[in-house]
Amino acid sequence: MANSGGGAVCNGNLHNHRKQSDGSQSGNYTENGTVKEAQQNGKPHIYKPFVEFFEEAPLHVMVFTYLGYGIGTLFGYLRDFMRNWGIEKCNAAVEREEQKDFVPLYQNFENFYTRNLYMRIRDNWNRPVCSAPGSLFDMLERVSDDYNWTFRYTGRIIKDVINMGSYNFLGMAARYDESMRTVKEVLEAYGVGVASTRHEMGTLDKHAELEDLVAKFLNVEAAMVFGMGFATNSMNIPALVGKGCLILSDELNHASLVLGARLSGATIRIFKHNNMQSLEKLLRDAVIYGQPRTRRAWKKILILVEGIYSMEGSIVRLPQIVALKKKYKAYLYIDEAHSIGSVGPTGRGVVEFFGMDPRDVDVYMGTFTKSFGSSGGYIAGRKDLVDYLRIHSHSAAYAVSMSPPIAEQIIRSMKLIMGLDGTTQGLQRVQQLAKNTRYFRQRLNEMGFIIYGNEESPVIPLLLYMPGKVAAFARHLLKRKIGVVVVGFPATPLAEARARFCISAAHTREQLDTLLPHYHKTATIVLDFTSSFM
């Protein structure tokens with residue numbers, strides 16, 4: 001916890017608090033107001049203010065954080081040395097005897113980090129949940145007798161834990177009720193699995209119905225669905241670009257985008273997160289200089305971005321990126337895994353959020369794992385693009401098709417959001433999510449926490465910095481029946497460990513008000529420097 005006044009920090013780089021990452025001026029937040037570059041049908045559009053927080057940590061917090069890592073590393077090597085000589089008897093950072101005959105899985109430093117830090121706080125991850133991930137869930141209690149190397153279950157179930165970690169943005173992932181009757185009927189008629197790929201015997205009428213609905217929802221020509229969200233990126237990007245093509249990727253892009261870009265064989269260049277000067281410089285150089293050595297023009301230039309960045313909670317600066325991609329004749333691929341269903345007046349993602357034309361984006365990608373309470377992903381856009389992927393996508397040729405009950409759950413959820421079920425429940429959920437998001441962010445700010453991201457983003461990172469605080473924060477909250485996700489290195493920069501809250505439309509105001517005092521009390525408890533090395 002820290003004073004909310006301060007500077008801005010983006011991707012580990014400290015900036016003066018009056019300067020945002022793309023050069024515009026603001027206070028403790030970034031605000032672009034009118035986007036003059038974006039045009040549609042020859043007329044400029046006016047967008048809502050763009051407000052994001054990337055507050056700089058107080059100096060003493062950063063000093064203690066780096067000092068903590070330094071002391072931990074020093075003592076780790078010292079205890080390894082003493083253990084080798086038989087002086088140190090504690091085996092908290094030693095592999096079990098039955099593992100020693102195997103070839104080492106990690107390199108020396110990776111093994112050191114895993115043994116001396118990760119194992120100490122490993123109990124905060126992979127906790128087994130035994131109920132639907134609604135606003136409340138049940139969790140199996142587990143304990144460790146060997147310093148978190150293995151766990152055993154006590155048989156006790158921790159009931160009614162408040163869920164602040166699942167991506168259940170619209171509350172669609174819930175226990176069975178009568179509204180899910182169609183999913184049950186599809187299960188009875190089609191079975192659980194398809195047992196074939198889309199190219200062979202795995203294309204069902206349910207897949208065609210879902211793809212038509214996705215295209216209608218996004219207001220594009222066509223769409224194709226896939227059984228796994230991660231593979232939607234990693235297996236389709238290589239089908240769109242290859243050798244002789246250039247990928248310009250935001251530095252905070254998800255691992256699935258990074259993997260897809262690497263598998264494609266295209267040249268990859270990274271631009272600073274949401275920084276238009278950095279992106280335009282890469283675009284300008286690409287157009288002027290072309291490919292290395294030959295100086296030939298790039299076959300394609302593809303810009304890869306996300307709608308909402310899941311570790312920062314920031315929203316893509318879509319109007320400026322669209323203006324640049326039109327100026328330099330590039331293509332735009334946007335991953336809306338976290339933004340589809342969660343932002344925009346009717347939940348249609350960042351294009352609707354900014355009031356833009358759907359034709360401004362060349363390739364839409366999204367997943368059904370968050371707002372739709374299901375699994376899988378989609379690629380959408382022009383019909384010729386989708387038809388091309390139906391033939392060339394590795395997921396279409398080699399991966400099993402989406403399960404029929406999964407497809408029906410997505411159809412049910414999407415119809416609810418679109419109002420095709422004859423009710424306004426979907427719109428009410430979208431609006432409730434927006435209210436919960438703004439309220440929770442405002443209260444955290446008032447309490448003095450350092451939080452990242454856009455004020456409209458339901459993903460809210462709360463900075464904890466020190467690894468010991470990460471562990472203590474999660475453990476203390478679980479004792480109070482509050483389930484949170486904590487994240488540290490290597491998923492974040494070394495000195496930017498955090499808790500990540502995911503707000504849901506299913507959260508009631510009473511639940512949110514219950515949480516906040518516990519956050520404040522827990523943060524006060526773990527502020528003690530001695531808790532950094534529990």
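This is a guided tour of one predicted model, stop by stop, with a selection to make at each.

Residues are numbered from 1 along each chain as its sequence is written. Because the model is predicted, local features are given only at pLDDT of at least 70 and side-chain atom pairs only at pLDDT 80 or more, while totals for chains, interfaces and linings use all residues, and side-chain values rest on heavy atoms, with hydrogens and water left out.

**The open sheet**

Begin by selecting the strands β8, β14, β13, β12, β11, β9 and β10, which in that order form an open sheet of seven strands with mixed pairing. Its edge strands are β8 (222-226) and β10 (267-271), each of which pairs on one side only, and from one strand to the next the twist averages 20°. Helices and strands here are DSSP runs numbered from the N terminus (H or I over at least four residues for helices, E over at least two for strands), and two strands count as paired if DSSP finds at least two bridges between them. Angles run from 0 to 180 degrees between N-to-C directions, with axes fitted as lines to C-alpha atoms, for helices over the stretch in contact.

**Strand β12 and its neighbours**

Next select β12 (residues 331-335) together with β13 (residues 363-367): the two strands run parallel and are joined by three bridges, and Y333 has V363 of β13 as its bridge partner. Then add β11, which pairs with β12 in the parallel sense over five bridges; here I303 has L332 of β12 as its bridge partner. Strand β12 is mostly covered, four of its five residues being buried, where buried means under 20% relative accessible area, exposed means over 50%, and partly exposed lies in between (1.4 Å probe, protein chains only).

**Two helices on the sheet**

Now bring in helix α8 (residues 276-289), which lies across β9 (246-250), β10 and β11 (301-306) and runs at about 150° to β10. Helix α9 (residues 318-327) also packs on the sheet, where it touches β11 and β12, and its direction makes about 155° with that of β12; contact here means heavy atoms within 4.5 Å.

Stay with α8 and show the side chains of K281 and D285, which form a salt bridge whose closest N and O atoms are 3.0 Å apart. A salt bridge is counted when a side-chain nitrogen of Lys or Arg is within 4 Å of a carboxyl oxygen of Asp or Glu. Both residues lie in α8, four residues apart, about one turn of the helix; K281 is partly exposed at 48% relative accessibility, and D285 is partly exposed at 22%.

**Further salt bridges**

The structure holds 25 salt bridges, and another to select is that of R359 with D357, where the closest N and O atoms are 2.7 Å apart. In this pair R359 counts as exposed, at 63% relative accessibility, whereas D357 is buried, with a relative accessible area of 10%.

Move to helix α14 (residues 425-446), where R443 and E446 are separated by about one helical turn because they are three residues apart; their side chains meet in a salt bridge (3.7 Å, N to O). R443 is partly exposed, with a relative accessible area of 25%, and E446 is exposed, at 53%. Select also R198, E211, K383, D387 and R390, which salt bridges with shared partners join into one network.

**Backbone stops**

Select N274, in the loop between β10 and α8, which has a positive phi of about 55° although it is not a glycine; N274 counts as buried, at 2% relative accessibility. Compare A195, in the loop between α3 (181-190) and α4 (205-218), where phi is near 60°, a positive value in a residue other than glycine; A195 is exposed, with a relative accessible area of 77%. Then go to the loop between β18 (485-487) and β19 (497-502), where P490 is found, and look at the peptide bond from F489 to P490, which is cis, with omega near 10°.

**A nonpolar patch**

Finish on the surface by selecting F64, L67, I71, L74, F75, L78, F81, W85 and I87, which make a nonpolar patch of about 950 Å². Such patches are made of residues with over 30% relative accessible area and no salt bridge (like charges are joined within 9 Å, and nonpolar side chains, namely Val, Leu, Ile, Met, Phe, Trp and Tyr, within 5 Å), and accessible areas come from the Shrake-Rupley method with a 1.4 Å probe, where for residues only the protein chains shown count as cover. Within the patch, F81 is placed in helix α1 (residues 59-84) and is partly exposed, with a relative accessible area of 49%.
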